Amino acid sequence: MMGGGNMQQLARQAQKLQQQMAKMQEELEAREYEASAGGGMVTVKVSGKKELLSIAIKPEAVDPDDVEMLQDLVLAAVNEALRTANDTTEREMNKLTGGLNMPGLF
């Protein structure tokens, strides 16, 4: 059986990890991620909270006869920025947890 001291040490380590993860989550949510599509015709920025912050569209990307192309470029850029935000969050959290699957923490 484990002694009381070992359980207290384990609880302290778990609490420290939880605090580190909360701090990391805050830092990741404050980051901004940018992506573009169409050779820079559309550029978007998202936050670590997965919120769209800005969309920049070059005037030459706007073709009234081909609105679908512009929609596709916006969609591609937003999805890429969100993918980058997700991948970065996952990678940084895995550094703290050693790759352990800890559902509900982020």
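A salt bridge here is a side-chain nitrogen of Lys or Arg within 4 Å of a carboxyl oxygen of Asp or Glu. With that rule in hand, let us walk through this predicted model. The count comes to 4 salt bridges, and three of the pairs are described below.

**Salt bridges along the helices**

Lys23 and Glu27 bring their side chains together in a salt bridge, with 2.8 Å from N to O. Both belong to helix 1, which covers residues 4–30, and because they sit 4 residues apart there, about one helical turn separates them. Lys23 is exposed, with a relative accessibility of 52%, while Glu27 is partly exposed at 37%.

Helix 2, spanning residues 67–97, holds another such pair: Glu92 and Lys95 are 3 residues apart, so about one helical turn lies between them. Their closest N and O atoms are 3.3 Å apart, and the two form a salt bridge. What is the burial state of Glu92? Glu92 is buried, since its relative accessible area is 13% and the cut-off for buried is under 20%. Its partner Lys95 is exposed, with a relative accessible area of 60%.

**A salt bridge between strands**

Lys45 and Glu32 also meet through their side chains in a salt bridge, this one with an N to O distance of 3.8 Å. Lys45 lies in strand 2 (residues 42–47) and Glu32 in strand 1 (residues 32–37), so this contact ties together parts that are 13 residues apart in sequence. Lys45 is partly exposed, with 26% relative accessibility, whereas Glu32 counts as exposed at 51%.

Here are the three pairs side by side.

| Pair | N to O distance | Location |
|---|---|---|
| Lys23 and Glu27 | 2.8 Å | helix 1 (residues 4–30) |
| Lys45 and Glu32 | 3.8 Å | strand 2 (residues 42–47) and strand 1 (residues 32–37) |
| Glu92 and Lys95 | 3.3 Å | helix 2 (residues 67–97) |

**A nonpolar patch on the surface**

Charged pairs are one part of the picture; now for the nonpolar side chains. Which residues make the nonpolar surface patch of about 330 Å²? Leu52, Ile55, Ile57 and Val62 make it together. One of these residues, Ile57, lies in strand 3, which runs over residues 52–57. Ile57 has 38% relative accessibility and therefore counts as partly exposed. That value fits its place in the patch, because patch residues need over 30% relative accessible area and no salt bridge.

Note on methods:
Residues are numbered from 1 along each chain as its sequence is written. This is a predicted model: local features need pLDDT of at least 70, side-chain atom pairs count only at pLDDT 80 or more; totals for chains, interfaces and linings use all residues. Side-chain values use heavy atoms; hydrogens and water are left out. Patches are made of residues with over 30% relative accessible area and no salt bridge: like charges are joined within 9 Å, nonpolar side chains (Val, Leu, Ile, Met, Phe, Trp, Tyr) within 5 Å. Accessible areas come from the Shrake-Rupley method with a 1.4 Å probe; for residues, only the protein chains shown count as cover. Helices (H or I, at least four residues) and strands (E, at least two) are DSSP runs, numbered from the N terminus. Buried means under 20% relative accessible area, exposed over 50%, partly exposed in between (1.4 Å probe, protein chains only).
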